[in-house]
Amino acid sequence: MSVRVRRVYEPAEPEDGARVLVDRLWPRGLAKDAARVDEWPKALTPSTELRRWYHAGEGPYEEFAERYEAELASDEASAALDGVRELARAGDVTLLTASKTPEQSHATVLVRLLES
């Protein structure tokens, strides 16, 4: 199983496998056909409130990650996470985000949960 994170603005590569957009909002300036997104499970995205809190700089990444994991405990998010786990069992998965710093985003929390 291979799960990785890439910016959605980077061109698709054959080794991407299933491409899963993990942002709540569609990336600005990107045509849907150019993104080559296979899945868009919005239940896996941080809530609007948590996203705004984090982007406003009101707390550290570690606290954001803890709050986000708590949100992922909901039934809907757990089901969506299980769906991505199934994709990962079948082959490579690339989590796509528009974040300029993917290593400090919710996508890295998802990778950790998917690989555990």
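## Aromatic pairs

The structure, a predicted model, holds 5 aromatic pairs. One of them joins W26 and W40 in an edge-to-face arrangement. Their ring centres are 5.2 Å apart, and the planes stand at 65 degrees to each other. An angle over 60 degrees counts as edge-to-face, so the label follows from the 65 degrees.

This pair links distant parts of the chain. W26 sits in the loop between β2 (18-21) and α1 (32-35). W40 sits in the loop between α1 and α2 (48-55). The two residues are 14 apart in sequence. W26 is partly exposed, at 22% relative accessibility. W40 is also partly exposed, with a relative accessible area of 26%. Buried means under 20%, so neither W26 at 22% nor W40 at 26% counts as buried.

## The α2 and α3 contact

Helices α2 and α3 have axes that come within 10 Å and cross at roughly 175 degrees. Angles over 145 degrees count as roughly antiparallel, and α2 and α3 are therefore roughly antiparallel to each other. On the α2 side, the contact is made by L50, W53 and Y54. On the α3 side, Y61, E63, F64, R67, Y68 and E71 take part. By class, the contact has 6 nonpolar residues, 3 charged ones and no polar ones.

Aromatic residues recur here. Y54, Y61, F64 and Y68 form one aromatic cluster. Y54 belongs to the α2 side of the contact, while Y61, F64 and Y68 belong to the α3 side. In general, an α-helix has 3.6 residues a turn, so residues three or four places apart point the same way.

## The α4 and α5 contact

Helix α4 covers residues 75-90, and helix α5 covers residues 106-115. They pack at an angle of about 70 degrees, with axes 10 Å apart. The range from 65 to 115 degrees counts as roughly perpendicular, and α4 and α5 therefore fall in that class. Their crossing is right-handed.

From α4, the contact draws on L81, V84 and R85. From α5, L110, L113 and L114 contribute. The contact has 5 nonpolar residues, 1 charged residue and no polar residues.

## Burial of α5

Helix α5 is mostly covered, with 7 of its 10 residues buried. These are H106, A107, V109, L110, V111, L113 and L114. Among them, L110, L113 and L114 also take part in the contact with α4.

What do the buried residues of α5 pack against? They pack against two helices, α3 (61-71) and α4, and two strands, β1 (3-7) and β3 (93-97).

## Sequence and space

A31 lies in the loop between β2 and α1. A31 is partly exposed, with a relative accessible area of 39%. A31 and D82 are 51 residues apart in sequence. In space, C-alpha to C-alpha, A31 and D82 are 28 Å apart.

G83 lies in helix α4. With a relative accessible area of 35%, G83 is partly exposed. How far apart in space are G83 and E39, C-alpha to C-alpha? They are 9.9 Å apart, with their positions 44 residues apart in sequence.

Notes: Residues numbered from 1 in each chain as written. Predicted model: local features only at pLDDT ≥ 70, side-chain atom pairs only at ≥ 80, totals over all residues. Heavy atoms only, no water. Axes fitted to C-alpha atoms, helices over the stretch in contact; angles between N-to-C directions. Helix = DSSP H or I, 4+ residues; strand = E, 2+ residues; numbered from the N terminus. Parallel < 35°, antiparallel > 145°, perpendicular 65-115°, else oblique. Left-handed = near helix turned anticlockwise from the far one by under 90°. Contact = heavy atoms within 4.5 Å. Nonpolar A, V, L, I, M, F, W, Y, C, P; charged D, E, K, R; others polar. Phe/Tyr/Trp six-rings, centres within 6.5 Å; stacked < 30°, edge-to-face > 60°. Buried < 20%, exposed > 50% of the residue type's maximum accessible area, 1.4 Å probe, protein only.
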